[in-house]
Amino acid sequence: MYNFNFHSPGTLDEAINLYNNSEDPKFLAGGMTLLASMKQRLISPSDLIDLRNISNLSEVSLNDKVLKIGSLCSHFKLSRNEIINDKIKNLAKLADGIGDPAVRKMGTIGGSIANSDPAADWPAAILALKSQIITNSRIISNKDFFTGMFETLLEDNEIITSIEIEIPDYFNYKKLPNPASRYAIVGVAIAKYGNNVNVAISGASHTPFIAETISDYLSNNFSNDFPEKTIAKDDLNEDIHASAEYRVNLIDVLTKQIINES
Amino acid sequence: MHEISVKITINQKDYERNIQPNTLLVDFLREELGLTGTHVGCDTSQCGACMVLHNKSAIKSCSILVAQLNKQEITTIENLQKDNELHPMQNAFRNNHGLQCGFCTPGMIMSAISLVNENSNPSEKDIRKYLEGNLCRCTGYQNIIKSIEEGAKDMKEPRITNV
Ligand SMILES: Cc1cc2nc3c(=O)[nH]c(=O)nc-3n(C[C@H](O)[C@H](O)[C@H](O)COP(=O)(O)OP(=O)(O)OC[C@H]3O[C@@H](n4cnc5c(N)ncnc54)[C@H](O)[C@@H]3O)c2cc1C
Ligand code: FES
Ligand code: FES
């Protein structure tokens, strides 16, 4: 790993100031993605700005029907959080299925969505649920946030402070995990608000996306006879783990599993 | 690059050192302190040979900077044995032939203790799920699972198992 300067600011303002005054800095949360890429010399920031000493970024609270999750909450903490287990149990289960126990202890929800890995689990859930991403300077709608592979609407010097999620009537997430890393080969997240159903897919394409046709059908009729193979295979990833055709099929299979369980 | 000063407690001993910011915990343990029980088996945060305890939980020492652990406490495999007695989990690995080459073993034992700290009565399924971050190239895992089942019981009700 190349060397860098290390900072541990105590406030958001301090963190942004440090960022603006450094040459090629990066914010550091759990480090489960960032340090791994630095070890492989894929990136070499001049400065690391550790966000973990900033207070108030790792709390979970419920205000009426809105769940607020601090960006620095670890996957482990969220998997055990009482409010989440009470209100959206399957979201806690999603957190409990990320990587392995040691990755869950360090990795954070904010880091995961800022990183926007197409095979990550949180992005599909955030896209399916009615939600918004709160940063130090603005509120971003979930629908606008993920702009591409490892790309988001965030400015370089912008920090996610929390994620706000409206409690759904029903939510579930299922993935076929890569057996080595546990990242999703395909993951399907379904959120239901009254008759409105959102189906979001991870792992299958360069960015998480909404399966429009399935979502529309399920909004009218939440049952297993939705039209199959509606995602064009040309839009999906084809790699050593799975062919695009297999991924098209997995989307339908995982969707059915969720409907059967609901 | 500027050196930074960190205070860190390792195996109940306090250290205050000036370090390069890019010092990984595992390199600090092995190179700086000579604690070579913590191993390095991969470059991708996947093998778990480097597990140490932080607040009673296993974390991968290859994927955290010493700089991130200022004023915090770490326990390594070297600190499990007390008064020449193996820790119950170490003993259980010995009794159940839970290792062959032994390369993965320190990481397996740290993960196993972390599991029991969270769940004092783990089922076989709990153990297998918890070991997702630990790879073993020798044993086929069967005896590791048996070891952890016994070690979990012995951590609750210590008994003399030395052969
Ligand atoms: C072995 C292994 C298996 C894994 N398996 C899975 C899996 O099954 N599913 C899954 O979804 N993920 C998986 N991951 C990734 C893991 O979930 C990471 O925790 C996550 O992708 C990044 O979170 P982090 O807190 O570690 O962020 P970091 O690595 O610290 O940062 C990642 C990026 O996000 C930026 N960033 C971090 N926090 C913020 C913030 N608050 N505001 C703005 N920018 C920020 C950083 O600058 C950096 O660019 C795995 C990782 C490993 C090592
Ligand atoms: S050395 Fe492989 S996970 Fe740390
Ligand atoms: S005993 Fe050899 S790697 Fe596990």
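How much area do chain A and chain B bury between them? In this predicted model, the figure is about 2400 Å², with 55% of it on carbon and sulfur atoms. Chain A brings 32 residues to the contact and chain B brings 28. On the chain A side, the residues that lose the most area to chain B are A:Asn3, A:Phe6 and A:Lys39, and together they make up 24% of what that side buries.

Next, the polar part of this interface. The rule finds 5 salt bridges across it. One salt bridge joins B:Glu118 to A:Arg80, with the closest N and O atoms 3.8 Å apart. Between the two chains there are also 12 residue pairs in polar contact. The elements of chain A that give two or more residues to this side include strand E1 (5-7), helix H2 (34-39) and helix H3 (75-80). The largest share, 6 residues, comes from H6(A). By type, the chain A side divides into 16 nonpolar, 7 polar and 9 charged residues.

Now to chain B by itself. Its domain assignment gives domain 1 (4-77) and domain 2 (88-156). Their contact takes 18 residues from domain 1 and 15 from domain 2. The centres of these domains, taken over C-alpha atoms, are 21 Å apart. The two domains bury about 1200 Å² between them, 62% of it on carbon and sulfur atoms. In domain 1, B:His39, B:Met51 and B:Ile77 lose the most area to domain 2, together 38% of what that side buries.

How many salt bridges does the rule find across this domain interface? The count is 0. There are, however, 6 residue pairs in polar contact between the domains. On the domain 1 side, strand E3 (51-54) and strand E4 (57-60) of chain B each supply at least two residues.

How values were computed:
Residues are numbered from 1 along each chain as its sequence is written. Chains are lettered from A and ligands numbered from 1 in the order in which they are written. This is a predicted model: local features need pLDDT of at least 70, side-chain atom pairs count only at pLDDT 80 or more; totals for chains, interfaces and linings use all residues. Side-chain values use heavy atoms; hydrogens and water are left out. Domain bounds come from an automatic or database domain assignment. Contact means heavy atoms within 4.5 Å. Buried area is the accessible area (1.4 Å probe) that two parts lose on being put together, summed over both. A salt bridge is a side-chain nitrogen of Lys or Arg within 4 Å of a carboxyl oxygen of Asp or Glu. A polar contact is a pair of N or O atoms within 3.5 Å; within protein, one must be able to donate a hydrogen and the other to accept it, and residues adjacent in sequence count only if both atoms are side-chain atoms. Helices (H or I, at least four residues) and strands (E, at least two) are DSSP runs, numbered from the N terminus. Ala, Val, Leu, Ile, Met, Phe, Trp, Tyr, Cys and Pro count as nonpolar, Asp, Glu, Lys and Arg as charged, and the others, Gly among them, as polar.
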